[in-house]
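Me: I should like to work through a protein structure with you, by question and answer. Please reason briefly each time and finish on the value or name requested.

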Amino acid sequence: MATMQGTDTRGTAATPLVSPVSSHNEWDPLEEVVVGRLDGATIPSGHPVVTCNIPPWAARLQALAAGRAYPRRLIEPAQVELDGFVALLQSLGVTVTRPDPVDHRQRFATPDWSSRGFCNSCPRDSLLVVGDEIIETPMAWPCRYFETHSYRRLLKDYFQRGARWTAAPKPQLTDALFDPDFSPPKPGEAMRYILTEFEPVFDAADFVRAGRDLFVTRSNVTNRMGIEWLRRHLGSGYRIHEIESRCRTPMHIDTTFLPLGPGKALVNPEYIDVNRLPDVLKSWDILVAPEPDPIGERLLKVTSMCGKWLSMNVLMIDEGRVLVERHHTAMLRAVERWGFEPIPCDLIHYAPFGGSFHCATLDIRRRGTLESYVD
């Protein structure tokens with residue numbers, strides 16, 4: 001873990017602090033994690049950057065319901081599963097911390113626009129941990145503009161105990177950031193995105209970490225300026241590699257490409273052409289995800305904003321053990337075949353709130369050191 005020199009109230013040097021934040025990759029033994037909340041969850045706004053990734057009929061329904069609380073029939077089963085997930089993590093010896101509950105129906109504004117919130121179900125989106133540093137990300141959804149405020153109690157505590165705490169430039173999110181003529185590209189058409197390069201924006205969930213190397217997908221919430229901002233911020237000690245996605249509505253890398261261990265990565269065969277992966281991965285074992293098990297519950301199929309490949313949204317407990325959604329039996333069998341120990345857990349009803357195990361968590365501390373795992 002990184003250390004920093006603390007000071008006492010008179011400004012004189014005190015005992016060096018050992019950062020409680022220390023996580024370099026996706027698979028070192030997990031010691032502490034933030035898990036999201038469903039309290040106050042609000043249906044997100046009908047802004048084009050929100051609705052561009054869903055079918056037109058779903059966008060119309062969302063626009064009608066935007067700003068209202070999620071219905072109890074979605075909240076209640078998801079909350080039961082979330083409570084079970086937290087209990088399972090704790091039984092595995094992992095320290096679990098939580099953001100503060102927030103009523104996301106409250107309206108807020110900047111000089112250019114106003115919005116209601118969304119929810120703090122997915123800390124992986126708004127916060128990026130690289131080593132001993134937590135970075136607040138400049139997200140493109142207006143309804144998520146102040147989402148990190150629900151984590152401020154945790155952030156201040158981690159900072160006071162020795163972590164580095166950074167916030168990327170707060171975006172303006174004016175109309176200049178969004179292409180007014182955008183429509184998702186059809187198969188065979190050149191890729192295009194709703195975001196312009198007006199200012200840097202990115203979600204942390206478009207990045208995954210493998211020591212000194214990070215992998216990113218450009219998406220409808222992460223533009224080139226955002227990727228470049230993080231590259232310059234991290235400096236020469238890190239490299240960022242872009243993963244080319246064939247998804248027509250890309251958003252977040254952890255249903256496309258996910259490192260599971262040193263030299264091992266899980267890939268989505270629908271979105272990834274393994275022959276076009278970055279050259280630094282040529283020596284890695286590329287594990288192709290099986291076709292996801294179909295979801296029979298109609299309400300989940302209608303309300304999920306994440307698509308069928310949430311089966312890939314697994315969480316490594318350590319280099320050998322992996323949390324997998326119990327419904328996805330094909331994935332459970334696959335990770336066992338690849339030599340991992342799968343730990344089944346229920347979280348399928350979390351999908352309407354933005355994800356599964358990887359999305360719902362933020363690694364705070366994994367026991368390990370900064371290394372390079374690529375050629």
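Reply: Certainly. One term is needed at the outset: a residue is called buried under 20% relative accessible area, exposed over 50%, and partly exposed in between. Please also bear in mind that this is a predicted model.

Me: Is R161 buried, exposed or partly exposed?
Reply: The relative accessible area of R161 is 37%. Buried requires under 20% and exposed over 50%. R161 is therefore partly exposed.

Me: With which residue does R161 meet in a salt bridge?
Reply: The closest approach in this salt bridge, N to O, is 2.7 Å. The partner counts as partly exposed, at 31% relative accessibility. That partner is D157.

Me: How many residues apart in sequence are the parts tied together by E197 and R218?
Reply: E197 and R218 form a salt bridge, with their closest N and O atoms 3.8 Å apart. E197 lies in the loop between β9 and β10, and R218 in the loop between β11 (213–216) and α6 (224–234), so the pair links parts of the chain whose separation in sequence is 21 residues.

Me: Which residue of the pair E197 and R218 is buried?
Reply: E197, at 32% relative accessibility, counts as partly exposed. The relative accessible area of R218 is 17%, and the limit for buried is under 20%. The buried residue is R218.

Me: How far apart are the closest N and O atoms of R37 and D39?
Reply: R37 is partly exposed at 21% relative accessibility, and D39 is partly exposed at 33%. The two residues form a salt bridge. A salt bridge requires the nitrogen and oxygen to be within 4 Å, and for R37 and D39 the separation is 3.5 Å.

Me: How many salt bridges does the structure hold?
Reply: Some of them are linked in a network that joins E26, R124, R209, D363 and R366. The pair R37 and D39 also forms a salt bridge. For the structure, the count is 30.

Me: Which backbone oxygen does the side chain of R365 reach?
Reply: R365 belongs to strand β19 (residues 361–366). R365 counts as buried, because its relative accessibility is 13%. At 3.1 Å, its side chain reaches the backbone oxygen of P20.

Me: What arc do the buried residues of helix α5 cover around the axis?
Reply: Helix α5 (residues 152–160) has L154, L155 and Y158 as its buried residues. They lie on the same side of α5, because the arc they cover is only 100°.

Me: Which strand that covers the buried residues of α5 also contains R365?
Reply: The cover over the buried residues of α5 includes β3 (30–35), β4 (95–97), β7 (127–130) and β19. R365 is found at residues 361–366, in strand β19.

Me: Within what arc do the buried residues of α2 fall?
Reply: In α2 the buried residues are A58, A59, Q62 and A65. Viewed down the helix axis they line one face, because their arc is 130°.

Me: Against which element do the buried residues of α2 pack?
Reply: The face of α2 turned away from its buried side carries the exposed residues P56, R60 and L64. The buried residues of α2, for their part, pack against α1 (48–51).

Me: What is the accessible area of the nonpolar patch formed by W57, L61 and L64?
Reply: W57 is found in helix α2 (residues 56–65), and it is partly exposed with a relative accessible area of 42%. Patch residues must have over 30% relative accessible area. Together, W57, L61 and L64 have an accessible area of about 350 Å².

Me: What is the phi of L173?
Reply: Most residues other than glycine have a negative phi. L173 lies in the loop between β9 and β10 (207–210) and counts as buried, at 3% relative accessibility. Although L173 is not a glycine, its phi is positive, at about 55°.

Me: Which residue in the loop between β12 and β13 has a positive phi?
Reply: The loop runs between β12 (239–242) and β13 (257–261). The residue is buried, with a relative accessible area of 8%, and its phi is near 80° although it is other than glycine. The residue is H252.

Me: Which glycine follows α5?
Reply: Just after α2, G67 takes a positive phi of about 90°. After α5 there is likewise a glycine with a positive phi, near 130°. That glycine is G162.

How values were computed
Residues are numbered from 1 along each chain as its sequence is written. This is a predicted model: local features need pLDDT of at least 70, side-chain atom pairs count only at pLDDT 80 or more; totals for chains, interfaces and linings use all residues. Side-chain values use heavy atoms; hydrogens and water are left out. Patches are made of residues with over 30% relative accessible area and no salt bridge: like charges are joined within 9 Å, nonpolar side chains (Val, Leu, Ile, Met, Phe, Trp, Tyr) within 5 Å. Accessible areas come from the Shrake-Rupley method with a 1.4 Å probe; for residues, only the protein chains shown count as cover. A salt bridge is a side-chain nitrogen of Lys or Arg within 4 Å of a carboxyl oxygen of Asp or Glu. Helices (H or I, at least four residues) and strands (E, at least two) are DSSP runs, numbered from the N terminus. Buried means under 20% relative accessible area, exposed over 50%, partly exposed in between (1.4 Å probe, protein chains only). A polar contact is a pair of N or O atoms within 3.5 Å; within protein, one must be able to donate a hydrogen and the other to accept it, and residues adjacent in sequence count only if both atoms are side-chain atoms. The arc is that of the directions from the helix axis to the C-beta atoms. Contact means heavy atoms within 4.5 Å.
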